[in-house]
Structures are given as C-alpha cells and as structure tokens.
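Biologist: Can you put the model up? I'd like to go through the salt bridges and then the ligand site.

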Amino acid sequence: GAGPGDPDLLTLRAQQLLQQADVVLYDRLVSDAVLARVRREATRVYVGKESGRHRITQERIHTLLLEYAGRGLRVARLKGGDPFIFARGGEEIAVLAAAGIPVTVVPGITAALGAAASAGLPLTQRGVAQSVTFVTAMGEGAETLDWRALAAPLQTVVFYMGVAQLPRIVERLQAHGAPSERPAAIVEHATLPAQRLIGGTLSQIVARARAAGIGAPALLIVGEVASRARVGDNVTQVWGHNR
Ligand code: SAH
C-alpha cells in the first residue's frame, strides 16, 4: 500500500521494502513523491490501467508479477492507498500463491482516511455518524448496491471512483430518501499539494464539482460530518456558503 499520495504517509515497512526492491510495479495512483522513495537501482514498471493510450490488462499484470518473481527478483507491487481496498490485491495474491511465490501484504492508508485527515472530516463523529461505509459505484456494480441503506441518516458514506458517476450517485441517494440538504464533500488529490475540497449540500454538490472542474482521483463523502470540512495550509477550498 502506497498510501494516498503524501510520501510521509507510507508505513515504515512499505518504505523499507521499497528500499530493498529489485522491481517495482506501480499504478497510476502512486504519486511521484512516493516513487522517489523507491531504491534508485530498482526497475520501475508502470502498470496503470487507465493510461488512455494503451490499456494493460489484469492478466498482463499477473504475468509480469510471475515473470519477475520467477527470476528470483524481489518485486514490490505498489498500489495507491491500501492494496485490499478496491485494488484487486486479493486476485494478485491468489495468482502468486498458486505459483508458490511468497507474498507479504503491507497495508496502506486508504484514500478515505487520508482525505478525512487532511480535510478535517471526523468520519465517525459521535452523535453524527454511527458507521462509515467505503463503497464504489462504478460500473454495473452500482445496480446491486443497497441504495436505501446508503441514503439512511446517522452515517458517513465514502464513494471511491465516483467522479464520472457523481450526478447518478446523488440522484440515487435522493431517490432513496436522502434529503437534499444532506452535507457532501469532494476531496480531489487528497493529501497532495494539489488537494482541493468542495463542499455543499447534495442538491448543490454536482454543480459545484462541475464548476470547479473536479477530476480523478477524488472521493465523494456524504453525511453530516461533511459539513465540518476545513482546510489547512496549501489546500484550495471551494465552498459555497458555510453551514
Ligand atoms: N486502493 C486505493 C483505492 C483504489 S480505487 C485506496 O485504498 O485508496 C481508486 C479511487 O480511489 C479513485 O478513483 C479515487 O476515488 C480514490 N483515490 C485514490 N487516491 C486518492 C486521492 N489521493 N485523493 C482522492 N481520491 C483518491
């Protein structure tokens, strides 16, 4: 797990292993600042899937992992955030396990936790949120989500990979009972110098995100705690009226 972007949010173990790696296979969400912590002599292999021009398949990543590890090299598979949160870490481990290749999993700070910390969002604030849910509304999976449960009060819901889906997410939450005044926040490039924070109610957030030109990577955080968002240094805040 490479964490959300700020290299100081790597775990000590991740940093140590990056210093020992012969090969590093990294995703698009791994920041340059994190890559700078990789051993200088290590081979860096970009395996981001969303690169526009060429698309690398999950199978190709499996093949590369098997090839490098099969040569006896120490391979670091570097993923943004945590490798077990919307990151296909389980699939890659299964492939390696089947080939008898030992694997160590190093957790990372997932984007939701990085964003919560740097935007001042206490995800389970007492009396306001009894639970927090990490969810992705991407693709056909969105159909099977329990939207009524996600629209319920007294919780915080964090949507990953939601930027393109933003209008549909908000529409569905409202269709399933979420009031239009429910606070929402969007954190783009969380923990990085370019971090931006957008806040508003469910009825405002889509237009504000559009006006600000919010793009990936960004998280949508829905629930009362979103109204407590605050910004620190080197963070741009785009906020309408204060609630
Ligand atoms: N394994 C990663 C998530 C991968 S899914 C983790 O644990 O964080 C990719 C999605 O994560 C992005 O579309 C975005 O919604 C979110 N994300 C990752 N890094 C982010 C960041 N620095 N700021 C905001 N969102 C981020």
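**Salt bridges and ligand site**

Modeller: This is a predicted model. At 17% relative accessibility, Asp27 counts as buried, because the cut-off is under 20%.

Biologist: Which residue does Asp27 meet in a salt bridge?

Modeller: Arg77, with N to O at 3.1 Å between the side chains. The pair links distant parts of the chain, 50 residues apart: Arg77 lies in strand E3, and Asp27 in the loop between strand E1 and helix H2.

Biologist: Is Arg77 buried or exposed?

Modeller: Arg77 is buried, at 18% relative accessible area.

Biologist: What about Glu143, buried or exposed?

Modeller: Glu143 counts as exposed, at 52%. The side chain of Glu143 forms a salt bridge with that of Arg168, at 3.6 Å from N to O. Glu143 is in helix H6 and Arg168 in helix H8, 25 residues apart. Arg168 counts as partly exposed, at 36%.

Biologist: How many salt bridges are there in the whole structure?

Modeller: Eleven. One of them joins Arg196 and Glu188, with the closest N and O atoms 2.7 Å apart. Glu188 is buried, with a relative accessible area of 5%. Salt bridges with shared partners also connect Asp22, Arg39, Glu41 and Arg74 in one network.

Biologist: On to the ligand. Which residues come nearest?

Modeller: Asp82, Ile85, Thr110, Met161 and Ala218, out of 18 around the ligand. By class, that shell has 13 nonpolar, four polar and one charged residues.

Biologist: What does the side chain of Thr110 do there?

Modeller: An N or O atom of the Thr110 side chain is 2.6 Å from a ligand oxygen. The protein covers 92% of the 540 Å² of accessible area that the ligand has on its own.

Biologist: And which polar backbone atom is 2.9 Å from a ligand nitrogen?

Modeller: One belonging to Gly80. A polar backbone atom of Asp82 is 2.8 Å from a ligand oxygen.

Definitions and conventions
Residues numbered from 1 in each chain as written. Predicted model: local features only at pLDDT ≥ 70, side-chain atom pairs only at ≥ 80, totals over all residues. Heavy atoms only, no water. Near = heavy atom within 4 Å. Polar contact = N/O pair within 3.5 Å; in protein donor to acceptor, adjacent residues only side chain to side chain. Areas by Shrake-Rupley, 256 points an atom, 1.4 Å probe, with all protein chains shown as cover. Nonpolar A, V, L, I, M, F, W, Y, C, P; charged D, E, K, R; others polar. Salt bridge = Lys/Arg side-chain N within 4 Å of Asp/Glu carboxyl O. Helix = DSSP H or I, 4+ residues; strand = E, 2+ residues; numbered from the N terminus. Buried < 20%, exposed > 50% of the residue type's maximum accessible area, 1.4 Å probe, protein only.
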